[in-house]
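Student: Please take a close look with me at one part of this structure, namely its interior and the elements that build it. I would like one connected explanation rather than a list.

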Amino acid sequence: KQWYQRRVAITAGLRAKALSEEIVLHELPDSAIIIRSADCFHGWDEFSHYLARINTRKRLIQKGRTFIYKRGEVTYKQPVFGPDVMKAITRIITTPDQDRHRLYQFIGPKVYSLNEFMQSITDMTYRMYKPIFNPIRHFVEADIWRHENYIRYQMISDTPTHGLPGLEDVGIRPAAFEDEAVAWLRNYRIFWQVWDPIDGQRSNIYNNSVGTGENF
């Protein structure tokens, strides 16, 4: 029941945002500017760091088993680079009023399923990734812990509206996640896995009979 109430509260919040847009555009049709943005990724975001942590905090002996809502197959994300959003807002502010639109939508250049997005993250962190959906764990995350990040980043999909002006319309070329995120996601790599001074290859931390030094 509490989990259901939580979902209802989030749904009500999204509906309130949509209603607020309609009211603002109705009351200020010639001056209001509304910007919708997908989940932003950057060096200090909650989005990519949260998803990286739920994988990298696992013990190596678990070999990448990661609890993901319905294995990431039903949630879709189109994340956008935070600095691109800020540059676009600056350009909108400095654009003459007669040339501005009243509603913008900033999304990234690629649509990922959550499973594909997690795979992209683990490719940069050099970690194994095996998605697992556990209904009991889902109940704990969504109901007992009331984990807002779990609900927001794993259960809610980005649903862009076709036809709205975006980053390209204000002269910004949206950056791809893989081109930017390696700058901070590499911090989740295990230091002895990055480079082996003996043979110049990455160490195999998951199938090393000698051991890795991690306290299981």
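Tutor: What follows begins with the whole chain and then turns to the interior.

This is a predicted model, in which local features need pLDDT of at least 70 and side-chain atom pairs count only at pLDDT 80 or more, while totals for chains, interfaces and linings use all residues. Residues are numbered from 1 along each chain as its sequence is written, and side-chain values use heavy atoms, with hydrogens and water left out.

The protein chain holds nine helices and eight strands, where helices (H or I, at least four residues) and strands (E, at least two) are DSSP runs numbered from the N terminus. Of its 216 residues, 37% are buried; buried means under 20% relative accessible area, exposed means over 50%, and partly exposed lies in between, with a 1.4 Å probe and protein chains only. Contact means heavy atoms within 4.5 Å, and among contacts between residues at least 6 apart in sequence, 83% join residues at least 24 apart.

A good place to enter the interior is helix 2 (residues 47-56), which is largely enclosed by the rest of the structure because nine of its 10 residues are buried. Among them are Phe 47, His 49, Leu 51, Ile 54 and Asn 55. Helix 4 (residues 114-125) also has buried residues, including Phe 117, Met 118, Ile 121 and Met 124. Its 12 residues reach 16 Å from the first C-alpha to the last, close to the 16 Å expected at 1.5 Å a residue, the expected span being 1.5 Å times one less than the number of residues.

These two helices come together in the largest nonpolar core, to which each supplies at least two residues, as do helix 6 (148-155) and helix 8 (182-185). A nonpolar core is a set of buried Ala, Val, Leu, Ile, Met, Phe, Trp, Tyr and Cys residues joined through side-chain atoms within 4.5 Å. This core has 26 residues, and those that touch the most other members are Leu 51, Phe 117, Met 118, Ile 121, Phe 177 and Leu 185. Apart from it lies another core, of 10 residues, among them Ala 38, Ile 92, Tyr 104 and Phe 106. In soluble globular proteins, nonpolar side chains tend to be buried together. Met 118 shows how the helices meet: leaving aside residues up to four places away in sequence, Met 118 touches Leu 51, Ile 54, Asn 55, Thr 66, Ile 68 and Tyr 129.

The second core leads us to strand 6 (residues 103-106), whose two faces are both covered, with Leu 103 and Gln 105 buried on one side and Tyr 104 and Phe 106 buried on the other. Strand 1 (residues 34-37) runs parallel to strand 6 and is joined to it by four bridges, and strands count as paired if DSSP finds at least two bridges between them. In this pairing, Tyr 104 of strand 6 is the bridge partner of Ile 35.

The interior also holds a lysine. Lys 77 lies in strand 4 (residues 76-77) and counts as buried because its relative accessibility is 2%. The side chains of Lys 77 and Asp 39 are joined by a polar contact of 3.1 Å. A polar contact is a pair of N or O atoms within 3.5 Å; within protein, one must be able to donate a hydrogen and the other to accept it, and residues adjacent in sequence count only if both atoms are side-chain atoms. Not counting residues up to four places away in sequence, Lys 77 also touches residues including Phe 47, Lys 110, Tyr 112, Arg 152 and Asp 158.

Finally, two loop residues are useful for contrast. Helix 4 is followed by Tyr 126, whose phi is positive, near 60°, and Tyr 126 lies in the loop between helix 4 and strand 8 (130-132). Because its relative accessible area is 21%, Tyr 126 is partly exposed. Lys 70, in the loop between strand 3 (65-67) and strand 4, has a positive phi of about 50° although it is not a glycine. Most residues other than glycine have a negative phi, and most peptide bonds are trans. With a relative accessible area of 39%, Lys 70 is partly exposed.
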